[in-house]
Amino acid sequence: MSVDGVGTEQGNGGADEPGWDVDPDDESGVAVVAAVGRQIKAWREAAGMRAGEFGALIGYGEDLVYKVEGGRRIPRPEFLDRVDEVCGAGGKIAAMKEDVAQVRYPKKVRDLAGVEAKAVEIAVYVAHGLHGLLQTPGHARALFEARQPPYSQDEVERMVAARMARQSIYERSPAPALGFVQEESALRRPIGGSTEWRRQLERLLEIGRLRNVTLQVMPTHREAHPGMDGDIELLKFKDGTAVGRSPGAFNGRRVTDAKQLRILELRYGIIRAEALTPRETLALIELMLGET
């Protein structure tokens, strides 16, 4: 993932905020951003403006204008709105905001979000940490900042934004059925400090009370269970197909075969049966909140 900290910004539009660099390994993303950049350059030149003059009019630095036009920087929506206005494009440039939004995040995250968006049922067991769909921004940021070798701040912010974008799944209608089983230890680790830990517990309560969500905790005092080999994820789709994955089964690869899916479903079913009930889980989280 490229990091380019040379660009400057003029005005308060925030076009040079962290996380908007183009990932050179994302071929589809690179193509979209390059096409948008060529369009912006064509409109600017048709208006008879130099890059410096153009940047002053839209409120951004000349260097940033060149980066966007050269396909090296992902323009923010505000940037595209200002370009549209200054060039008199009548909405033609602003209309590209949707295309640009699709490639802001890393391709592997977009692919994951795309699969989750199509699922009518998602069931997961997480052996370590909290599932990404449950995390607060501060919790996710603390995790990414703890990685070694360290990510740049640009990379951290981009990945946090991508993780939070996946949580639009809670706004879907009709709502998918979501099931989470989390180890108790993950809820007790104060990721991001005591304030963020409390915020995370409050977020878990909020999600756990949604009618389409089943949130369960596996108590630390439970003995060995089928999840000891690692996470389990099962996604089912409207057409009756499904996909599953677990590091402890089938070499960790994603599977769609009915027999292999049944094995993962069996393991997940036993895990759910040994975990606290949803009501007991919410009571435990409330107790933890009282201890913070």
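The largest nonpolar core of this predicted model has 29 residues. Tyr-170, Phe-180, Leu-187 and Leu-201 are the ones with the most contacts inside this core. Several parts of the chain come together here: the strands β1 (119–126), β2 (177–183), β3 (213–218) and β4 (232–237) each supply at least two core residues, and so do the helices α9 (184–188), α10 (194–208) and α12 (278–291). As a general pattern, nonpolar side chains in soluble globular proteins tend to be buried together.

To get a feel for the packing, pick out Tyr-170 in the structure. Leaving aside residues up to four places away in sequence, Tyr-170 touches Leu-133, Leu-134, Leu-178, Phe-180, Arg-203, Ile-207, Leu-210 and Val-213. There is also a second, separate core of 22 residues, which includes Val-65, Cys-87, Ile-93 and Met-96.

Next, look at helix α7, residues 137–146, where Gly-138, His-139, Ala-140 and Phe-144 are buried. The cover over these buried residues includes α8 (153–166) and α10.

Is there any empty space left inside, and where? The structure holds 2 cavities of 30 Å³ or more, and the largest cavity has a volume of about 40 Å³. Its lining includes His-139, Leu-187 and Leu-201, along with Leu-130, Trp-197 and Arg-189. Helix α10 gives the most to this lining, with 4 residues, while α9 and α10 each supply at least two. The table sorts the lining residues of the largest cavity by kind.

| Kind of lining residue | Number |
|---|---|
| Nonpolar | 7 residues |
| Polar | 2 residues |
| Charged | 1 residue |

Conventions: Residues are numbered from 1 along each chain as its sequence is written. This is a predicted model: local features need pLDDT of at least 70, side-chain atom pairs count only at pLDDT 80 or more; totals for chains, interfaces and linings use all residues. Side-chain values use heavy atoms; hydrogens and water are left out. A nonpolar core is a set of buried Ala, Val, Leu, Ile, Met, Phe, Trp, Tyr and Cys residues joined through side-chain atoms within 4.5 Å. Buried means under 20% relative accessible area, exposed over 50%, partly exposed in between (1.4 Å probe, protein chains only). Contact means heavy atoms within 4.5 Å. On a 1 Å grid over the protein atoms alone, a cavity is a set of points where a 1.4 Å probe fits but cannot get out, and a pocket is an open set with protein on both sides within 12 Å along at least five of seven lines; lining residues have an atom within 4 Å of a point. Grid points are joined across faces, edges and corners, and a volume is the space filled by probe spheres set on the points. Ala, Val, Leu, Ile, Met, Phe, Trp, Tyr, Cys and Pro count as nonpolar, Asp, Glu, Lys and Arg as charged, and the others, Gly among them, as polar.
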